[in-house]
Amino acid sequence: RAVETTREALVMVDTQCRVQLTPAAIRHATRFTYEAVQGRCDRVKLILPSEQTLTRLTGELVKDWQLDAGSGEPVLTVEFVRPLEGITHLELESEQALATLPGSIELRPPTPLGVQRESGRLAVRTEDLIARLEDAGTLRQVNAEAGEWASYQFSQRPVALRVHLSP
C-alpha cells in the first residue's frame, strides 16, 4: 500500500521591477515570474510596502486576491484558479505619493513571501526630475537600458534604493 506524503511547495521567483519617477508620483510596475519546482502551490503572498497603493493586479491564473492591512505592512494574498505546477506570471502596478521636492525617497519593490529563491532587477526611469543615488544597499548596479536612469540586480532581501530627487 502506497503512503502519500504532502510536501511543501518549492517555489522560486524572478522579480522585474520598473519604477517611473515623476514630479506628480512614483509608479511601480512589478512582474513576478513564479516557478513551482517541486510540489504545488495554490496561492502566493507578497508584502506591499505601506507607502504604495495597489492600482492593478493581473495574471493568467489569478482567481482572487485580498489585501490585509492589519499590523505592519500590507500583505497581499493571491489565489490561483488551479494549483501552480510550473511557471506563471503575476503583474502588480502601484503608486507612491512623492513628498516635497527636493527630498529623499526610498524605492522598495513588493516582497514575495514563502519562496526559497529570488532573483530580480530594479530599473528606474526619471521624468522631469534630477536624481542622485544616496544608498543602494545590497543592490548591484548593472548596465541600464535605453531611457533608464539606473538599473540594479538583486538576489537577496531586503531590497531598497535611496534616491535624492530635485526638480
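A strand, as the word is used here, is a DSSP run of E at least two residues in length, and strands are numbered from the N terminus. With that in hand, a good place to start in this predicted model is Pro-112, which belongs to strand S9 (residues 111–113).

**Around Pro-112**

Pro-112 is buried, with a relative accessibility of 7%. What does Pro-112 touch, once residues up to four places away in sequence are set aside? Its contacts are Val-13, Thr-15, Phe-32, Tyr-34, Lys-45, Leu-46, Glu-118 and Arg-157. Leu-101 offers a contrast between sequence and space: it is 11 residues from Pro-112 along the chain, and the two C-alpha atoms are 31 Å apart.

Two of the residues that touch Pro-112, namely Phe-32 and Tyr-34, also have a relationship with each other. The count of aromatic pairs in the model is 1. That pair is Phe-32 with Tyr-34, whose ring centres lie 6.2 Å apart and whose planes meet at 35°, a tilted arrangement. An angle of 35° falls in the tilted class because stacked planes must be under 30 degrees apart and edge-to-face planes over 60. Phe-32 is buried at 0% relative accessible area, and Tyr-34 is buried at 0% as well.

**The open sheet with S9 at its edge**

Strand S9 takes part in an open sheet of 4 strands, paired antiparallel in the order S5-S6-S3-S9. Strand S5 (62–68) and S9 are the edge strands; each has a single partner strand, so one side of each lacks a neighbour in the sheet. From one strand to the next, the twist averages 25°. Further in, strand S3 (residues 41–47) and strand S6 (residues 75–84) are antiparallel and joined by 6 bridges. Lys-45, one of the residues in touch with Pro-112, stands opposite Thr-77 in S6.

**Strand S7 and its two partners**

Strand S7 (87–97) pairs antiparallel with strand S2 (residues 25–38) over 11 bridges. One place to look for this pairing is His-28, whose bridge partner in S7 is Ser-94. S7 also runs antiparallel to strand S4 (residues 52–59), with 7 bridges between them. There, Arg-56 has Glu-93 of S7 as its bridge partner.

Which residues of S7 make up its covered face, and which its uncovered one? Thr-88, Leu-90, Leu-92, Ser-94 and Gln-96 are on the covered face, while Ile-87, His-89, Glu-91, Glu-93, Glu-95 and Ala-97 are on the uncovered one.

**Two nonpolar cores**

In soluble globular proteins, nonpolar side chains tend to be buried together. In this model the largest nonpolar core has 20 residues, and Val-19, Leu-21, Ile-105, Leu-107, Leu-139, Leu-161 and Leu-165 are those with the most contacts inside it. Strand S1 (10–21), S8, S10, S13 and S14 each give two or more residues to this core. Another core, of 19 residues, lies apart from it; Val-11, Cys-41, Leu-57 and Leu-61 are among its members.

Leu-107 gives a feel for the larger core's surroundings. Beyond its neighbours within four places in sequence, Leu-107 contacts Val-19, Leu-21, Ile-26, His-28, Val-124, Val-159, Ala-160, Leu-161 and Val-163. His-28 in that list is the residue whose bridge partner in S7 is Ser-94.

**Backbone details in the loops**

Most residues other than glycine have a negative phi, and most peptide bonds are trans. Here are some places to check by eye. The bond joining Leu-101 and Pro-102 is cis, with omega about -10°; Pro-102 sits in the loop between strand S7 (87–97) and strand S8 (103–107). A cis bond also runs from Arg-157 to Pro-158, with omega near 5°, and Pro-158 is found in the loop between strand S13 (150–154) and strand S14 (161–166). Arg-157 is also one of the residues that touch Pro-112.

Asp-128 has a positive phi, near 60°, although it is not glycine. Its place is the loop between strand S10 (117–126) and strand S11 (130–135).

**Cysteines and accessibility**

How many disulfides does the structure hold? The number is 0. Cys-17 and Cys-41 appear below with other residues discussed above.

| Residue | Relative accessible area | Class |
|---|---|---|
| Phe-32 | 0% | buried |
| Tyr-34 | 0% | buried |
| Cys-17 | 1% | buried |
| Pro-112 | 7% | buried |
| Cys-41 | 10% | buried |
| Asp-128 | 64% | exposed |

Cys-41 counts as buried because its 10% is under the 20% limit, whereas Asp-128, at 64%, is over the 50% that marks an exposed residue.

Definitions and conventions:
Residues are numbered from 1 along each chain as its sequence is written. This is a predicted model: local features need pLDDT of at least 70, side-chain atom pairs count only at pLDDT 80 or more; totals for chains, interfaces and linings use all residues. Side-chain values use heavy atoms; hydrogens and water are left out. Rings of Phe, Tyr and Trp (its six-membered ring) pair if their centres lie within 6.5 Å; planes under 30 degrees apart count as stacked, over 60 as edge-to-face and the rest as tilted. Buried means under 20% relative accessible area, exposed over 50%, partly exposed in between (1.4 Å probe, protein chains only). A disulfide is a pair of cysteine sulfur atoms within 2.5 Å. Two strands pair if DSSP finds at least two bridges between them. Contact means heavy atoms within 4.5 Å. A nonpolar core is a set of buried Ala, Val, Leu, Ile, Met, Phe, Trp, Tyr and Cys residues joined through side-chain atoms within 4.5 Å. Axes are lines fitted to C-alpha atoms, for helices over the stretch in contact, and angles run from 0 to 180 degrees between N-to-C directions.
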